[in-house]
Amino acid sequence: MDVGRQDAVLWRNRAMTLFDRVSVPVAVCDVYGLVVLANPAMAAEVGTAPGRLRGENVLELFRPQEATQVERIAEALRLRRRSRYRVSVCWRAPGGTERYGELTADPVSDTVAETPALLVMLRVLGERAEPREPGPAPVTPVEGRVLALLAGGATTARAARELGLTVDGVNYHLRRLSARWSAANRTELVARAYALGVLVTGVWPPETSARGAD
């Protein structure tokens, strides 16, 4: 092997070592966005090994937040423009956290006429908290007593008498509870109350639990 080739191999090996050790997520992609090479930091963002990213579309791994950004970049690359391009992206990190950031793509090639590859770097800007499923709102003491009376077989009129309310007043509380729990009828409303722990199981006559009241 001649000296020039030995030097080229040496520098290539050094460049690959640097590529692997750099902490910034970096990948080399073809002009269509398919990953040719990725460093461990880039692979770690999607919870895999660098070799497994080969052939993956970088814009499927890191989803663009604005489609028009990608369309403008694709058009510029077709025209062989060599500007730096930025795309706002989001992705699912290991553990399920939703992250967002920016991909920077720099066209690189040995000659101007050659179809460029893309040197892609990822800048992590932050995380979005996972939306939590809202739990059932606690019932008021009056609502709890209405539910307990219904579970015991009371009619609306009887519940109204025992609670000192009008029939319309009891129906008002029942409508609110049905809307809150998406209950289709009173039988389902009582079943939901037991399932959510608002009514105590194994007790007769029915009683509300401590967690069921404000």
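**Salt bridges and a six-stranded sheet**

Okay, let's start with one residue: arginine 176 counts as partly exposed, at 39% relative accessibility. The cut-offs here are under 20% for buried and over 50% for exposed, so a value of 39% falls in between. Before I go on, please keep in mind that this is a predicted model.

So which residue does arginine 176 form a salt bridge with? Its partner is glutamate 143, and the closest N and O atoms are 3.7 Å apart. If you trace that pair along the chain, you'll see that it links distant parts: arginine 176 belongs to helix H7, residues 167-181, while glutamate 143 belongs to helix H5, residues 141-151. There are 33 residues from one to the other.

Now, is glutamate 143 buried or exposed? It's buried, with a relative accessibility of 1%; remember, anything under 20% gets that label.

Glutamate 143 also forms a salt bridge with arginine 180, and here the closest N and O atoms are 3.0 Å apart. Arginine 180 sits in helix H7 and glutamate 143 in helix H5, so this pair ties together parts of the chain that are 37 residues apart in sequence. Arginine 180 itself is partly exposed, at 27% relative accessible area.

Let's move along to helix H8, which covers residues 186-195. Glutamate 188 and arginine 192 are both in there, four residues apart, and that's about one turn of the helix. They form a salt bridge as well, with 3.0 Å between the closest N and O atoms. On accessibility, glutamate 188 comes out at 25%, so we call it partly exposed, and arginine 192, at 30%, is partly exposed too. Elsewhere, Glu45, Arg99 and Glu127 are joined into one network by salt bridges that share partners. And how many salt bridges turn up in the whole structure? The search finds nine.

Right, on to the sheet. It's an open one with six strands, in the order S2-S1-S6-S5-S4-S3, and the pairing is antiparallel. Why do S2 and S3 each have one side without a neighbour in the sheet? Strand S2 (35-38) and strand S3 (63-64) stand at the edges with a single partner strand each, so one side of each is left open.

Let me walk you through some of the pairings. S1, residues 26-29, and S2 are antiparallel, with three bridges between them. Look for cysteine 29, which stands opposite valine 35 in S2. S1 and S2 make a hairpin with five residues in between, and in the turn you'll find glycine 33, with a positive phi of about 90°.

S1 also pairs with S6, residues 117-128, again in the antiparallel sense, over four bridges. One spot to click on is valine 26, whose bridge partner in S6 is methionine 121.

Then there's S4, residues 85-92, which pairs with S5, residues 98-108, over eight antiparallel bridges. In that pairing, valine 87 stands opposite leucine 103 of S5.

Last thing: how confident is the predictor? The average pLDDT for the protein is 79, and 74% of the residues score at least 70. Which elements have the lowest and highest mean pLDDT? The lowest, 59, belongs to helix H1, residues 3-21, and the highest, 91, to helix H6, residues 156-163.

How values were computed: Residues numbered from 1 in each chain as written. Predicted model: local features only at pLDDT ≥ 70, side-chain atom pairs only at ≥ 80, totals over all residues. Heavy atoms only, no water. Pairing = 2+ DSSP bridges. Helix = DSSP H or I, 4+ residues; strand = E, 2+ residues; numbered from the N terminus. pLDDT = per-residue confidence, 0-100. Salt bridge = Lys/Arg side-chain N within 4 Å of Asp/Glu carboxyl O. Buried < 20%, exposed > 50% of the residue type's maximum accessible area, 1.4 Å probe, protein only.
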